[in-house]
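I'm opening a fresh notebook page for a structure I haven't looked at before. My plan is to check confidence, then the sheet, then the helices on it, then any cross-links.

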Amino acid sequence: MRLSSVRRTALASPVAVLALAVTACGSSQGDGDKAAGDDRGGAGKTASAAPAPKALTAAELEKAALAQADVKGGKVTEVSAADDVAKGKVKPQEARCEPLALAETGVPLGEPAASVKRSWTEGPKKPSGDASTEEAIGAAFDLDKVLVTLASYEDGGAEAVLKDVKEAAGACAGGFTFTAMGETARIAKVAEAPASGGADEAVAMTMTMTGDDGDTFPVKVCVTRKGATVASFTVLNLAAASTGEDFPFPTEISDAQLAKLG
């Protein structure tokens with residue numbers, strides 16, 4: 001895929017992260033992988049007996065959001081107003097696919113009590129000393145960008161968000177089209193992927209996006225729930241967006257964010 005196509009496609013998502021992808025997200029500590037959407041440790045059985053989790057306030061979400069001190073490398077920044085896509089600017093052709101379009105562009109689903117966003121950009125990688133010019137260029141573009149969206153909900157809203165995302169992932173597996181900030185994005189297919197531990201619930205997806213020139217590349221999105229807070233992760237690898245090849249999800253970022261949610 002031409003880099004110009006990647007740039008044009010990226011306009012449909014905040015912080016140039018529309019072409020995003022994850023085969024799995026959450027903890028990398030080996031809690032035992034389960035298929036996306038499975039209940040963990042019988043959580044569903046105890047939820048009715050336990051008090052409903054409390055929604056975090058805007059101030060509490062800000063404190064819980066990923067910070068520079070939480071990561072070993074790369075750069076954490078706040079998402080600027082210009083890059084923050086509003087819900088009304090995302091319009092799917094099919095209403096049933098709206099949860100996926102919103103999750104992919106980092107827009108909180110439903111009616112959150114509060115929300116906050118952060119962006120993480122990986123630091124540049126150094127090519128090996130004997131790398132060819134092509135390999136050196138590839139290393140320069142082999143950078144991950146992660147959009148992290150936190151949203152807290154009252155009255156079971158967080159559980160409803162995960163339910164909606166799971167249902168949309170199945171209903172829209174054959175692909176869907178949506179516009180974001182006036183730009184058209186085409187998803188050829190959606191495949192659910194295993195989601196490891198670290199959250200009460202998690203849905204991991206690999207979306208295959210079609211660029212302006214017809215080439216395809218992976219877009220990976222993971223939506224998780226910790227109590228009454230939904231944390232979603234949208235990841236772009238510039239090299240993968242150009243070549244169409246897969247790339248590993250930076251689990252250290254989702255691990256660090258989920259750990260701060262308790």
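**Entry: an odd glycine.** I started at Gly262, just after helix H8, and found that this glycine takes a positive phi of about 90°. I'll come back to H8 below.

**Entry: how far to trust it.** I noted that this is a predicted model, so I looked up the confidence before going on. The chain has a mean pLDDT of 80, with 75% of its residues at 70 or more. Where does pLDDT stay under 50? I found residues 1–24, for which the model has 96 contacts beyond four places in sequence. I also found residues 26–47, with 40 such contacts. Where pLDDT is low, the predicted coordinates should not be read in detail. I leave both stretches alone from here.

**Entry: the sheet.** I traced an open sheet of 9 strands, paired antiparallel, in the order E1-E3-E4-E9-E8-E7-E6-E5-E2. Which strands are at the edges? I get E1 (75–78) and E2 (90–92), each pairing on one side only. From one strand to the next, the twist averages 25°.

I then zoomed in on E1. Its antiparallel partner E3 is joined to it by 4 bridges. Across from Val76 I see Trp120 in E3.

**Entry: helices across the sheet.** I looked up what H6 (residues 157–171) lies across, and listed E6 (183–193), E7 (201–210), E8 and E9. H6 runs at about 40° to E7.

Back to H8 (residues 251–260). This helix lies across E3, E4, E8 and E9, and runs at about 165° to E9. Which of its residues are buried? I wrote down Ile253, Ser254, Asp255, Ala256, Gln257 and Leu258. What do they pack against? My list has helix H3 (58–64) plus four strands by name: E3 (114–121), E4 (144–152), E8 (216–226) and E9 (229–237).

**Entry: cross-links.** How many disulfides are there? I count 1 disulfide. It joins Cys97 to Cys172, with 2.0 Å from S to S. The link of Cys97 and Cys172 is left-handed, at -105° about the S-S bond. Cys97 sits in the loop between E2 and helix H4 (98–104), and Cys172 in the loop between H6 and E5 (176–180), so the pair ties together parts that are 75 residues apart in sequence. Buried or exposed? Cys97 and Cys172 are both buried.

Definitions and conventions:
Residues numbered from 1 in each chain as written. Predicted model: local features only at pLDDT ≥ 70, side-chain atom pairs only at ≥ 80, totals over all residues. Heavy atoms only, no water. pLDDT = per-residue confidence, 0-100. Contact = heavy atoms within 4.5 Å. Buried < 20%, exposed > 50% of the residue type's maximum accessible area, 1.4 Å probe, protein only. Helix = DSSP H or I, 4+ residues; strand = E, 2+ residues; numbered from the N terminus. Pairing = 2+ DSSP bridges. Axes fitted to C-alpha atoms, helices over the stretch in contact; angles between N-to-C directions. Disulfide = S-S within 2.5 Å.
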